[in-house]
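These are my notebook entries on a two-part look-up: the contact between the chains, then backbone angles in loops.

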Amino acid sequence: MIPVECYFALSALLFFIGVYGFVTRRNLIAMLISVELVLNAVDINFAAINRLLYPNGMEGMFMTLFVIGVAAAESAVAIAIIINVYRNFRSDSVDSITNMKG
Amino acid sequence: MANTVMFIILAVFIIGSALMCVTTTKIMRAATFMLFVLFGVAGIYFLLDYTFLGAAQISVYAGGVTMIYVFAIQLVSKRTLQGLEERVKSSKMIGGAIATVLGLAVVSLILLKTGFLVDESVADVEVPMKEIGMALVGSEKYQYVLPFEFISLFLLACIIGGLVVARKEDKA
């Protein structure tokens, strides 16, 4: 049996790799991909906690299921926004979007 | 024993793919490595005996979300695709790395200090599909028909929102 800390270590590593990508990348789609990595890390945590610490409940599993659904919807809307941004600014880098900069 | 070997293989696969995903400069490669990460996470779910969750992960994420990304990349970034774009400033990279390592250190410290009470009674069997289905559409305690219906409404709202945002504006 794999100790639960291994799952937590894996998800922590994945989470902070996603954070690193989100901070360093300047491309909108690359940033969105990093967000997906972060969401997957959280999903691993939910599933592992549910399975190994509270195997009688199913809360973590359904939480993961709903997170998958919400992430799919979120990425669809974000892609729509990015395509619109590209149409208006002819660029997909965050540095080009300065309309709301004070 | 087999579980441990599988877990190590999956962990190395996931972490390696994720690192490649955030460090490669080509967006198409980043999307492909994200697909590998998603497959690895689905493998983790199979390892935890959540077969339904792994199937949902593969069908929704690997089948749906990755396709959206590939479409968006093909529609948006011609120059980025050819690997000419996306130079990363080294100062930003160092700052990001420092923030990442600090955060990882804090989280690891918390995880190591916490003692987890592992329930050893868990059998190495799959969660029965009937149980999942009953809990998903039941309306009693610990059953999830309300969030299930709510997420369908949410998906509908996102479809409409995505269409409205991506629609071509009238020139008039």
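**Entry 1. The contact between the chains.** In this predicted model, I looked up the residues that take part in the contact and found 66 from chain B and 56 from chain A. On the side of chain B that touches chain A, I listed the elements giving two or more residues: helix H1 (2–23), helix H2 (27–47), helix H3 (51–76), helix H5 (90–113) and helix H7 (145–166) of chain B. H3(B) gives the most to that side, with 13 residues. I then sorted the residues of the side of chain B that touches chain A by class and obtained 50 nonpolar, 12 polar and 4 charged.

**Entry 2. H1(A) and H1(B).** I next took the pair formed by helix H1 (residues 4–24) of chain A and H1(B), whose axes come within 9 Å and cross at roughly 10°. Angles under 35 degrees count as roughly parallel, so H1(A) is roughly parallel to H1(B). From H1(A), I noted A:Cys6, A:Leu10, A:Leu13, A:Leu14, A:Ile17, A:Tyr20 and A:Gly21 as the residues making the contact. Their counterparts in H1(B) are B:Phe7, B:Ala11, B:Ile14, B:Ile15, B:Ala18, B:Leu19, B:Cys21 and B:Val22. By class, the contact of H1(A) with H1(B) holds 14 nonpolar residues, 1 polar and no charged.

**Entry 3. H2(A) and H3(B).** I then turned to helix H2 (residues 28–52) of chain A, whose axis comes within 12 Å of that of H3(B), with a crossing angle of roughly 175°. Angles over 145 degrees count as roughly antiparallel, so H2(A) is roughly antiparallel to H3(B). Here A:Ile29, A:Ile33 and A:Ala47 in H2(A) meet B:Leu53, B:Tyr69, B:Ala72, B:Ile73 and B:Val76 in H3(B). I recorded 8 nonpolar residues for the contact of H2(A) with H3(B), with no polar and no charged.

**Entry 4. Positive phi in loops of chain B.** Most residues other than glycine have a negative phi. I looked for departures and noted B:Asp49, with phi near 70°. B:Asp49 is found in the loop between H2 and H3 of chain B. Is B:Asp49 buried, partly exposed or exposed? I counted 18 other C-beta atoms within 10 Å, so B:Asp49 is partly exposed.

I also noted B:Tyr142, which has a positive phi of about 60° although it is not a glycine. B:Tyr142 is found in the loop between helix H6 (129–137) and H7 of chain B. With 10 C-beta neighbours inside 10 Å, I entered B:Tyr142 as exposed, because a residue with 12 or fewer counts as such.

Definitions and conventions
Residues numbered from 1 in each chain as written. Chains lettered and ligands numbered in written order. Predicted model: local features only at pLDDT ≥ 70, side-chain atom pairs only at ≥ 80, totals over all residues. Contact = placed C-beta atoms within 7 Å. Helix = DSSP H or I, 4+ residues; strand = E, 2+ residues; numbered from the N terminus. Nonpolar A, V, L, I, M, F, W, Y, C, P; charged D, E, K, R; others polar. Axes fitted to C-alpha atoms, helices over the stretch in contact; angles between N-to-C directions. Parallel < 35°, antiparallel > 145°, perpendicular 65-115°, else oblique. Buried ≥ 20, exposed ≤ 12 C-beta atoms within 10 Å, placed from the backbone.
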